[in-house]
Every structure is written in C-alpha cells, then in structure tokens.
Amino acid sequence: MMEARHLRVLRAVARGGSFSAAARALGCTQPAVSQQMKALEQSAGTPLLVRGPREMRLTQAGEALVRHADGILAGLTAAEEEIAAIAGLRAGRVRLASFPSGTATLVPGAVAEMRAAHPGTEISLVEAEPPRSVEMLRAGDCDIALAFRYADLPTPAEESWDDLVVRPLLSDPLVCVVPPGHRLADGGGPAELAQLAGERWIAGCPRCRGHLVELCERAGLTPRIDFATDDYPAVVGLVAAGLGVTVLPRLALESVRARGVAVVGLGPGVRREVVALTLPDLAQVPAVDVMLGRLARAGLRRRVG
C-alpha cells in the first residue's frame with residue numbers, strides 16, 4: 001500500500017531532480033530519501049526512477065504517479081484540515097430530533113449557547129416523538145434524540161435504550177389541568193386521580209394518552225376521553241373552555257400559554273424521565289459531546305428554576 005509520505009518524497013525528487021535536492025527540500029537525509037523511494041517502488045511493483053551518473057529521471061510509471069500525487073496530497077491535506085476543524089469545533093454538525101415540549105423548552109437555550117460558543121458548527125432540528133426519534137437515531141437520521149420515558153411504566157423490550165448513551169436531563173412531573181372554578185382548583189395540595197372520576201377528559205399525544213389510561217385504571221376509574229389532540233395549546237384551550245380536564249407533563253404546560261386554567265399537582269409524584277440519547281460512537285464526536293453537555297445544562301436550569 002502506498003503511503004502519503006512516500007508520495008511526498010517522490011514529488012520532491014521529481015521537482016529537485018536528485019535525492020540530495022529532495023532531502024534539502026524535505027529537511028531530511030539523502031539515505032532517508034533513498035530508503036523511502038525503495039519502499040515506494042516496492043509498493044508500486046515497478047521502477048519509478050532511472051538513476052543515471054549525473055541525473056535522475058522518472059520512468060513512465062513514475063510520471064503517472066507524480067501526476068496523481070498532487071491531487072492525492074491536496075485532497076489529503078484538505079481532509080486533514082477539515083477533520084482538524086471538526087475536532088476543534090470550528091466546523092461540524094449536530095442533527096437533533098426532539099419531542100415538541102422539549103423543542104420549546106430545552107432545545108432553544110442549548111442551541112443558542114452552542115452557536116454562540118462554536119459558530120462554525122451546523123445545528124439542525126426535526127420534531128419526532130419517541131419511539132420514532134429513537135428509530136431515527138439508530139437509522140443514522142439524527143445525532144441526538146431527545147426522548148422521555150414514564151418512570152412508573154415498564155419498558156417494552158423493543159424500546160430498550162441499552163445500546164445507547166443516555167444523558168439524563170430532568171425529571172418532569174405530571175400535573176392536572178382543570179378549568180377555573182373547578183372543585184380541585186383551590187384544593188391547596190396535590191390531587192388524586194380518583195378525585196377526577198366522572199370527569200370528561202382531554203388527552204394528548206398517543207404515548208401520553210396511553211399513560212393517562214394506565215394511571216386512571218390504577219386509580220380505579222376509566223377516563224371518558226371526549227377530545228384527543230397532539231396540539232398542547234388546543235388541549236389548554238379546551239380545558240379553559242370548560243370542556244374537560246387533562247393531565248400534562250410540566251414541560252408541555254410550560255411550552256404554551258396556560259391562560260384560563262388552574263394547575264394542580266398530581267400525587268403521588270407521577271413523572272416522566274427526559275433524556276438525550278446518542279450512539280456510543282457519536283458520543284465521541286466533539287460537537288455531539290458538547291451539545292449533550294449544553295442540553296444537560298438546559299435540563300439543570302429547569303430543575304433549579
């Protein structure tokens with residue numbers, strides 16, 4: 001296999017016309033040049049130079065290799081510079097996939113910090129709920145996936161994260177959202193789902209909807225779901241209009257203007273775990289590693305804020 005250092009020596013010999021001239025240009029000894037040329041000819045499997053008493057000239061194979069050497073070495077130099085830029089965070093990219101409430105609350109500050117500190121890094125975002133976002137990560141369609149998992153529900157085998165790097169961001173409590181004037185609005189403490197028996201319900205995304213049904217069944221009631229929508233402002237608007245009650249993660253409520261509703265804590269401590277996921281190899285990429293750190297800081301600000 002031909003090595004780049006051997007091609008550089010061949011080019012120097014072709015330009016200087018001798019081993020001694022090449023050695024001066026490269027800052028090495030003449031024997032070193034001779035040894036590297038022998039190694040290159042062995043790799044090529046044919047003579048590259050005709051050595052005469054006064055001068056040295058290229059064979060036809062040598063001329064062909066020198067023609068290609070410029071392009072090869074130029075491409076290698078460009079690649080080395082690009083890799084160095086990526087490693088030094090002067091370039092690179094991070095592709096994010098996030099669920100909507102994470103997009104509205106965690107992502108903006110993290111991305112703004114990343115761009116301010118490393119303006120050469122390209123950052124993009126698409127919205128996707130888990131498990132779709134996790135599928136995108138494994139398929140190579142994103143570099144980091146923001147996802148969540150309900151701590152009180154068992155994890156299906158097909159949704160395992162065991163093969164991924166998991167960066168915890170925050171624990172997101174669930175709250176009850178009720179119309180103003182509701183009997184629980186001024187209760188002064190967390191509500192129990194059993195207190196909402198007989199209510200009309202407004203449900204959110206399919207994953208949250210399934211969790212709501214599971215919670216209600218554990219509390220001994222079957223929720224009557226009159227409305228279901230993935231749009232959180234619509235959910236809040238329906239509750240504000242007195243058309244039902246709902247349970248939402250705190251992040252989802254923070255991502256909209258919660259006007260005209262009352263927010264009541266939900267006991268006992270029901271919550272979802274919000275994380276950033278990436279592949280083990282991607283976690284070693286500088287831009288991805290730094291972006292994970294920025295997301296973790298965004299989660300910390302939410303925890304202490």
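Good morning. I shall begin with the strands: strand 3, residues 93–98, pairs with strand 4 in the parallel sense over six bridges. Please keep in mind throughout that this is a predicted model. Within that pairing, Val-94 of strand 3 has Ile-123 of strand 4 as its bridge partner. Strand 3 also pairs with strand 5, again in the parallel sense, and here there are two bridges. In this second pairing Ala-97 stands opposite Ala-145 of strand 5.

Let me stay with strand 4 for a moment, and with what follows in the chain. Strand 4 covers 122–127, helix 7 covers 132–139, and Pro-131 sits in the loop between them. The peptide bond that leads from Pro-130 to Pro-131 is cis, its omega being near 10 degrees.

I now turn to strand 6, residues 165–178. With which strands does strand 6 pair in the antiparallel sense? Strand 11, residues 271–278, is one partner, and eight bridges join the two in the antiparallel sense. Leu-170 stands opposite Val-274 in that pairing. Strand 9 is another antiparallel partner, with four bridges to strand 6. There, Leu-174 faces its opposite residue, Pro-249 of strand 9. Strand 10, residues 262–265, likewise pairs with strand 6 in the antiparallel sense, over four bridges. In strand 10, the residue opposite Val-178 is Ala-262.

The next topic is the empty space inside the model. A search of the whole structure for cavities of 30 Å³ or more returns one. The largest cavity holds about 50 Å³ of space. Its lining consists of Tyr-150, Leu-174, Cys-208, His-211, Leu-212, Leu-215, Val-247 and Pro-249. You will recognise Leu-174 and Pro-249, the two residues that stand opposite each other in strands 6 and 9. Which element gives the most to this lining? Helix 8 does, with four residues. Helix 8 and strand 9, which spans 246–249, each supply at least two of the lining residues. By class, the cavity lining has seven nonpolar residues and one polar residue, with no charged residues.

The largest pocket can be described in the same terms. About 160 Å³ of space lies within it. The residues along the pocket are Arg-149, Tyr-150, Leu-153, Pro-154, Thr-155, Pro-156, Glu-159, Trp-161, Arg-207, Gly-210 and His-211. Tyr-150 and His-211 appear in this pocket lining, and both also line the largest cavity. Strand 5, at 144–150, and helix 8, at 206–218, each provide at least two residues of the pocket lining. Helix 8 again gives the most, here with three residues. How do the lining residues of the pocket divide by class? Five are nonpolar, three are polar and three are charged.

Finally, I come to a pair of helices earlier in the chain. Two packed helices are described by the angle between their axes and the distance between the axes. The axes of helix 2, residues 19–26, and helix 3, residues 30–44, come within 8 Å of each other and cross at roughly 105 degrees. These two helices are therefore roughly perpendicular to each other. On the side of helix 2, the contact is made by Phe-19, Ser-20, Ala-22 and Ala-23, and on the side of helix 3 by Gln-30, Val-33, Ser-34 and Met-37. Sorted by class, this contact has five nonpolar and three polar residues, and no charged ones.

Thank you for your attention.

Technical notes: Residues are numbered from 1 along each chain as its sequence is written. This is a predicted model: local features need pLDDT of at least 70, side-chain atom pairs count only at pLDDT 80 or more; totals for chains, interfaces and linings use all residues. Side-chain values use heavy atoms; hydrogens and water are left out. Axes are lines fitted to C-alpha atoms, for helices over the stretch in contact, and angles run from 0 to 180 degrees between N-to-C directions. Angles under 35 degrees count as roughly parallel, over 145 as roughly antiparallel, 65 to 115 as roughly perpendicular and the rest as oblique. Contact means heavy atoms within 4.5 Å. Ala, Val, Leu, Ile, Met, Phe, Trp, Tyr, Cys and Pro count as nonpolar, Asp, Glu, Lys and Arg as charged, and the others, Gly among them, as polar. On a 1 Å grid over the protein atoms alone, a cavity is a set of points where a 1.4 Å probe fits but cannot get out, and a pocket is an open set with protein on both sides within 12 Å along at least five of seven lines; lining residues have an atom within 4 Å of a point. Grid points are joined across faces, edges and corners, and a volume is the space filled by probe spheres set on the points. Two strands pair if DSSP finds at least two bridges between them.
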